[in-house]
Structure formats: structure tokens, C-alpha cells
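Student: I should like to work through the side-chain contacts and the surface of this protein. Could we proceed question by question?

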Amino acid sequence: MEKARESWGSRFGFIMSTIGFAIGLGAVWRFPYMVGVNGGGAFLIVYVLISLVIGIPLFIAEMGLGRKTHLNPVEGMRKLTKKGGIWVGIGWLGVIASLLIMSYYVVVIGWMLAYLVKTVMGVFNGLSIDEVSQVYSSFIATPSQGLLYTGIMVVLLGVIVNKGLKDGIENCCKYLMPALFVILIVLAIRSMLLPGAMEGIKWYLTPDFSKITGDVILAALGQAFFAIGIGVAAAFVYGSYLDDKKSNIPGDATIIVVSNTAIAIVAGLIIFPAIFSFGMSPTEGPGLTFITMPNLFSQMSGGILFGSAFFFLVIIAGITSGIGYIEAIVCTISEVFNINRKKTVWLVLASIFLLSIPCILANGPWSEIKVLGKNFFDLADYISGSVLMPLGALMISLYTAYKWKFENYMDEVNVGAKKVRIYKWMKPVVVYLIPIAVLVIMVTGLV
């Protein structure tokens with residue numbers, strides 16, 4: 001007798017879990033530094049438009065395919081097409097992309113945990129920005145510390161996912177996501193009340209349209225797909241746990257994408273007012289979190305408290321997103337190969353930890369080893385983010401437009417929909433604009 005498939009315990013639990021997956025480090029770590037290096041308000045307005053116009057319909061499509069099949073993405077696409085068919089690649093690409101993303105993602109979450117510990121202990125107090133930079137360089141070059149903190153995060157993620165959909169993922173996100181919202185708002189208010197913070201707010205929220213170049217648009221496209229999490233099988237899997245008649249995919253997907261975008265904007269309101277208040281540069285790139293922010297908190301009144309809250313916030317975002325990636329892999333592997341779920345969880349986590357080792361060593365003993373001119377950390381990021389994720393998203397967009405057909409897509413996802421729906425006038429966006437946009441991302445990433 002076939003085992004009954006799990007389903008979400010409540011709409012709130014589903015929305016919180018899916019928002020948690022979508023937010024991740026992409027919204028509170030990657031988004032601010034992308035804004036910083038791409039012109040502030042100019043990048044922000046392009047990012048918001050892309051998230052709403054392109055991100056929402058494609059996110060709806062991926063969740064809709066999951067709900068339509070009530071299967072993992074591999075078996076789901078086999079059901080809709082045929083075993084061994086090209087469209088089954090949607091599932092396999094998503095699983096492989098999630099595995100590669102987690103190989104370095106879990107390392108970054110581990111770094112955040114280490115920085116939370118360092119902040120609580122007052123390690124950064126009284127240090128200059130050069131000294132803070134030295135702490136960062138020394139830390140990532142020390143494999144033992146990277147392995148320790150990565151291992152802690154792997155075990156924590158395993159414990160949560162191992163409890164299953166309702167008891168693990170849903171219960172965890174129902175509490176963590178409201179906590180994240182509260183911490184975000186408190187930190188944003190604190191930052192905006194700093195002397196001179198208004199200059200940072202103006203720089204961040206006022207678009208200079210002359211800075212909207214092709215590069216900025218492409219960067220915003222890439223960030224939107226990375227932040228929302230399209231093409232990595234998680235939206236498909238989360239959608240597969242939905243009830244056919246009770247779920248409202250267009251409405252829920254809109255809430256999820258808008259929430260993700262809003263949280264990214266608020267994350268910027270934490271960082272940029274404080275950076276301008278203390279006369280720092282917003283263009284530090286990836287080092288913004290690990291160099292600029294600790295230095296900023298060390299100069300701020302109550303810096304240990306607010307710095308600890310900030311890194312705890314980023315860890316929450318990383319955990320809720322990591323849960324989504326791991327669940328996509330675990331669900332697919334356990335169901336396709338008929339392996340016990342608990343055994344699959346620890347097999348997947350062991351694989352992620354093993355794959356994380358080269359990413360940890362890439363900043364230390366293996367820093368001179370290059371593949372395609374990249375160390376192992378950057379290579380995992382490049383292959384997953386610039387090749388596999390855009391290719392998976394492209395296949396979903398092409399399948400929706402030319403195999404599923406727009407009318408069938410519209411009818412399917414509108415089941416259970418209320419005020420927010422897919423309408424006929426959206427056909428040019430789904431059939432032409434989205435596939436072209438995703439293709440541009442993929443080609444640009446490769447070139």
C-alpha cells in the first residue's frame with residue numbers, strides 16, 4: 001500500500017516556510033552588497049520590478065507543477081511527460097543545483113555563526129577596519145574553524161529536516177520567521193535614527209536613472225532569481241505538499257515574493273543608513289557583512305547587542321533557506337530511489353558536508369588550486385548560480401509557455417485562487433518575456 005504523502009498543516013505554516021526558503025542569505029547578505037556595487041536606488045528599482053513582473057509568474061509556475069503532480073520534481077515531470085524525457089531535467093537540475101548551493105551556503109551560515117560568537121565575546125571592540133579585515137582573512141584561512149562551524153550548522157539543519165514537514169520544517173519556520181521580522185524592524189529603526197543616517201537613506205531609495213545600465217539590469221535579474229529561489233526544485237517540492245482545492249497559489253506566491261522583496265529592502269535600511277552615518281563605503285562587495293558591519297557595530301552605542309542581533313538574524317535567514325534546499329534534495333532522492341527518509345536526510349547532509357570541505361579549504365591551504373580560474377568556493381557558486389539555476393528556470397519557463405501552454409497553466413494555478421489570479425493579458429509576459437529574460441541571464445552568466 002502506497003504511503004500517504006505529507007501535506008502542510010496550515011496556510012500560515014506553508015507561507016512562513018516558503019518565505020523562509022525564499023528569503024535566505026540572498027535577501028539579507030547578498031542583496032545589500034549587490035545594491036552597494038550597482039548604484040544604490042537604480043539597482044533597487046530594477047530589482048523590485050523584475051521580482052514582481054518576472055519572479056511571481058515563474059514562482060507560480062514551479063509551485064503549480066508541484067501541486068499538479070503531488071510528486072517530487074523528477075517523478076512529477078516523468079508523470080507529466082515521460083521517463084527519460086528532456087523535461088525531467090527540470091527535477092535533476094534543481095536537485096544538483098541545490099546540492100552545490102548548499103556545499104558553500106552551509107559554509108557561509110557557519111561563518112555567520114562564528115561572527116555571532118565573536119561579536120558576543122567583543123572580539124571586534126576597539127579594532128580598526130584594517131584589523132577587522134585581518135580577523136576575517138585569518139578566520140576563513142583557518143580550516144579547523146570553518147569545519148567546526150560548518151559541522152554545527154549541518155547537524156542543526158539535519159535535526160530540523162529529519163523531523164519531517166509539519167513537526168520540523170513548518171514548526172521551525174512558524175516561529176523563526178516572525179522573530180526574523182521583529183529583529184529586522186528593530187535594527188532598521190535603530191540604524192535610521194543614527195546621526196547622518198538620512199544621507200544613506202536618500203542614496204539607497206533615490207534612483208539615479210543614469211546608472212541603470214545593461215550590467216545593472218542583468219545583475220538585478222540574477223539577484224531576483226537567486227533571492228526568490230527559482231529553478232532549484234524547492235518551490236516544486238513545497239507546492240507538491242499543497243491541497244488541490246484549499247490552496248491559493250497565485251495569492252500565496254505573491255505574498256511570498258513581495259515579502260522576500262520587502263525584507264531585502266528593509267535589510268538595506270539596516271545597512272546603508274549606518275554605513276553613511278559612520279562615513280564608510282557602501283561598495284565593499286561580499287565583504288560588506290564580514291568587514292564593514294563588525295567595524296560599524298564596534299563604533300555604535302550598544303554595538304554588541306545590535307551586532308549580535310544582526311548576525312542572529314542572518315543565521316535565521318540562512319537556516320530557513322537551507323531547510324528548503326535540503327528538503328528538495330531529500331524528498332526527491334528518498335522517493336525516486338525508495339530510501340527511508342531519515343536515512344536519506346543524513347546521507348544528504350553527509351554529502352553536503354563532504355562537498356563543503358573543498359569550499360572551506362579554498363580560502364586556506366587550497367587557495368592556489370583553480371578550476372576555470374576559480375577556487376572551489378567560487379566554482380560551486382558559479383556552476384550552481386550561473387549555469388544550473390538559470391538553466392532550470394529556463395526549462396520551467398519554456399515548459400510552461402510551449403508544452404504546458406499558457407491557457408492550461410492559467411486554468412491549473414487559478415484553482416483555489418481568489419483576488420490575485422493569472423489573467424489572459426499576462427500571456428505575452430509568460431510566453432515571451434520570461435523565457436527571453438532567463439535566457440539572457442544564463443548566457444550572460446556563462447560569458
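Tutor: Let us begin with one residue, Leu-433, which is found in helix H16; helices (H or I, at least four residues) are DSSP runs numbered from the N terminus. This is a predicted model, in which local features need pLDDT of at least 70 and side-chain atom pairs count only at pLDDT 80 or more, while totals for chains, interfaces and linings use all residues. Residues are numbered from 1 along each chain as its sequence is written, and side-chain values use heavy atoms, with hydrogens and water left out.

Student: Is Leu-433 buried, partly exposed or exposed?

Tutor: Buried means under 20% relative accessible area, exposed over 50%, and partly exposed in between (1.4 Å probe, protein chains only). Leu-433 has 39% relative accessibility, so this residue counts as partly exposed.

Student: What accessible area does the nonpolar patch containing Leu-433 have?

Tutor: A patch is made of residues with over 30% relative accessible area and no salt bridge; like charges are joined within 9 Å, and nonpolar side chains (Val, Leu, Ile, Met, Phe, Trp, Tyr) within 5 Å. Accessible areas come from the Shrake-Rupley method with a 1.4 Å probe, and for residues only the protein chains shown count as cover. Leu-433 joins Leu-52, Val-53 and Val-258 on the surface, and together they have about 280 Å².

Student: How many salt bridges does the structure hold?

Tutor: Side chains of opposite charge can pair when their charged atoms come close. The criterion is a side-chain nitrogen of Lys or Arg within 4 Å of a carboxyl oxygen of Asp or Glu. By that criterion, the number of salt bridges is three.

Student: Which residue forms a salt bridge with Glu-412, and how far apart in sequence are the parts that the pair ties together?

Tutor: The partner is Lys-68, with the closest N and O atoms 3.8 Å apart. Glu-412 lies in helix H15 (residues 376–413) and Lys-68 in helix H2 (residues 41–69), so the pair ties together parts separated in sequence by 344 residues.

Student: Is Glu-327, which meets Arg-341 in a salt bridge, buried or exposed?

Tutor: The N to O distance between Arg-341 and Glu-327 is 2.6 Å. Arg-341 belongs to helix H14 (residues 341–361) and Glu-327 to helix H13 (residues 303–336). With a relative accessible area of 0%, Glu-327 is buried.

Student: How many disulfides are there?

Tutor: A disulfide is a pair of cysteine sulfur atoms within 2.5 Å. By this rule, the count is zero.

Key:
Helix = DSSP H or I, 4+ residues; strand = E, 2+ residues; numbered from the N terminus.
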